[in-house]
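Q: Could you teach me how to read a protein structure, one feature at a time?
A: Gladly! Have a look at it, and then ask me about whatever catches your eye.

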Amino acid sequence: MAIHTLYPAERGNLTLSFEYFPPKTDEAEAQLHQTVAELNVFQPGFVSVTYGAGGTTRERSLTAVAHMIGDAGVANTAAHLTCVSATRAEVDHVIDAFTACGVKHFVALRGDPPAGIGSAYQPHPGGYENAAALVAALAARGGLEISVSAYPEKHPESADVNADIDMLKRKVDNGATRALTQFFFDNDDFERYLERVRAAGIWIPIVPGILPINNFAQVVRFAGLCGARVPEVLRARLAHLDDKPEERFHEATHIAAEQIVDLARRGVRDFHLYTMNRSPLITAVCDLVGFARQDAPVASIAAPARRMAV
Ligand code: FAD
């Protein structure tokens, strides 16, 4: 069956990565495995597995990463890692455990305070002070790919965007080679941020984090915590569809696909999708955009209308 796409001319030129979180139950684990198998058809450049607050999901992260690399065959599986509530030796031990599983790519993060987002962050007395210090430790090992976070709408703790960009620069100077952004819904915010990052002399890929919306109320709550803005237009398109799952799914698919296509037309080539460990919405978005499937022929014809310095 032919799939209707919004961006057929560029399929094959865009790359994808998928973010998963470690499951908490056997049932959730089975769902994760099925999701990974279903999304692998889009041949992600890499997948990543998050790391829980305070290292609480260390074992589950390791198990999920081992599954991705061993059973699901995603060689480039990135392990997220934070500095929270751990000494340097403990973090180093976790890095050893991940590398023993075959991990060659880390997403190096400071993490949130153990008391939760909003409380003051205190580095562990014997730990890595922040993400930049963790990046330096990973880079010193050699042979590892190191991604970090970026915040198009400013990290909630930052005084301003300049402080954010200074921190990004420190991470890049210490060896980070890619930044994955917090999710955002207004591409102009991303473009403005990217212009400031480039003006600061930072030239690593800044990969937009795309969050297709399964549950609007939940995303509004989460966005409030992360300092991400939910534009009125999204509210108008989704808020009234809580009790209409099919219409909500259709609208959410179009919103995320339109966001990706608009970014692609501005010159963005790489996209990091927050999967929430579920495949139907992500699959629908990828198909609607026109991302190449493993078994489908690839066509590439037109150049995008306008390019940012990505
Ligand atoms: P950094 O990049 O080090 O700092 C973010 C900003 O906060 C900086 O720009 C800086 O200006 C400011 N800042 C940092 N420290 C201070 C300070 N002490 N005082 C004032 N300002 C300060 N969390 C998890 O627990 N597990 C995960 O797996 C995970 N994955 C993530 C993946 C992505 C792509 C993103 C965007 C976030 C992720 N997070 C994760 C959330 C992240 O841990 C939080 O946003 C955390 O608050 C900041 O960590 P960071 O590495 O992004 O911080």
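Q: Which side chain meets R235 in a salt bridge?
A: First, the general idea: side chains of opposite charge can pair when their charged atoms come close. Please keep in mind as we go that this is a predicted model. Here, the partner of R235 is E232, with 3.3 Å from N to O.

Q: How far apart in the sequence are R235 and E232?
A: They are 3 residues apart in helix 8, so about one helical turn separates them. You can also look at how much of each residue is accessible. E232 has 57% relative accessibility and counts as exposed, whereas R235, at 32%, counts as partly exposed.

Q: Which residue forms a salt bridge with R237?
A: That is E251, and the N to O distance between their side chains is 2.5 Å. This pair links distant parts of the chain, since R237 belongs to helix 8 and E251 to helix 9, 14 residues apart. As for accessibility, E251 is buried, with a relative accessible area of 18%, while R237 counts as partly exposed at 24%.

Q: What does the salt bridge between R229 and D189 tie together?
A: R229 sits in the loop between helix 7 (216-226) and helix 8, and D189 sits in helix 6, so their pairing ties together parts that are 40 residues apart in sequence. The closest N and O atoms of this salt bridge are 3.0 Å apart. D189 is buried, with a relative accessible area of 11%, but R229 counts as partly exposed at 39%.

Q: Which residues are linked with D189 and R229 in a network of salt bridges?
A: D186 and R192 are linked with them in that network. If you would like the full tally, the count comes to 14 salt bridges.

Q: Now the inside of the protein. Which residues have the most contacts inside the largest nonpolar core?
A: A nonpolar core is a set of buried nonpolar residues joined through their side-chain atoms. In this model, the largest such core has 86 residues, and F18 and F271 have the most contacts inside it. Helix 9 (residues 245-265) gives the most to this core, with 8 residues. There is also a second, separate core of 6 residues, which includes F46, A78, L180 and V207.

Q: What does F271 touch?
A: Leaving out residues up to four places away in sequence, its contacts include L14, L16, V207, I260, L263 and F291.

Q: Is L16 buried or exposed?
A: L16 is buried, with a relative accessible area of 5%. You will find L16 in strand 1 (residues 15-20). Among the residues that L16 touches are F42, F46, F271, L273 and F291. Try finding V207 too: V207 is 191 residues from L16 along the chain, and their C-alpha atoms are separated by 9.6 Å.

Q: How do I look for empty space, and how many cavities of 30 Å³ or more are there?
A: Rolling a probe the size of a water molecule over the atoms shows where empty space is left. A search of the whole structure finds 3 cavities of 30 Å³ or more. The largest cavity holds about 50 Å³ of space. Its lining includes Y151, P152, F183, F184 and C226, and the lining residues divide into 6 nonpolar, 2 polar and 2 charged.

Q: Which residues lie nearest the centre of the second largest pocket?
A: Those are F185, N187, I255, E258 and Q259, out of 15 lining residues. About 250 Å³ of space lies in this second largest pocket. Helix 6 (187-199), helix 8 (232-238) and helix 9 each supply at least two residues of the lining, with helix 9 giving the most, 5 residues. By type, the lining of this pocket has 7 nonpolar, 2 polar and 6 charged residues.

Q: To finish, how many helices and strands does the protein chain have?
A: The protein chain has 10 helices and 8 strands. Of its 310 residues, 51% count as buried. Among contacts between residues at least 6 apart in sequence, 80% join residues at least 24 apart.

Definitions and conventions:
Residues numbered from 1 in each chain as written. Predicted model: local features only at pLDDT ≥ 70, side-chain atom pairs only at ≥ 80, totals over all residues. Heavy atoms only, no water. Core = buried A, V, L, I, M, F, W, Y, C linked by side-chain atoms within 4.5 Å. Buried < 20%, exposed > 50% of the residue type's maximum accessible area, 1.4 Å probe, protein only. Helix = DSSP H or I, 4+ residues; strand = E, 2+ residues; numbered from the N terminus. Contact = heavy atoms within 4.5 Å. 1 Å grid on protein atoms, 1.4 Å probe; cavity = no way out; pocket = protein on both sides within 12 Å on 5 of 7 lines; lining within 4 Å. Points joined across faces, edges and corners; volume = space filled by probe spheres on them. Nonpolar A, V, L, I, M, F, W, Y, C, P; charged D, E, K, R; others polar. Salt bridge = Lys/Arg side-chain N within 4 Å of Asp/Glu carboxyl O.
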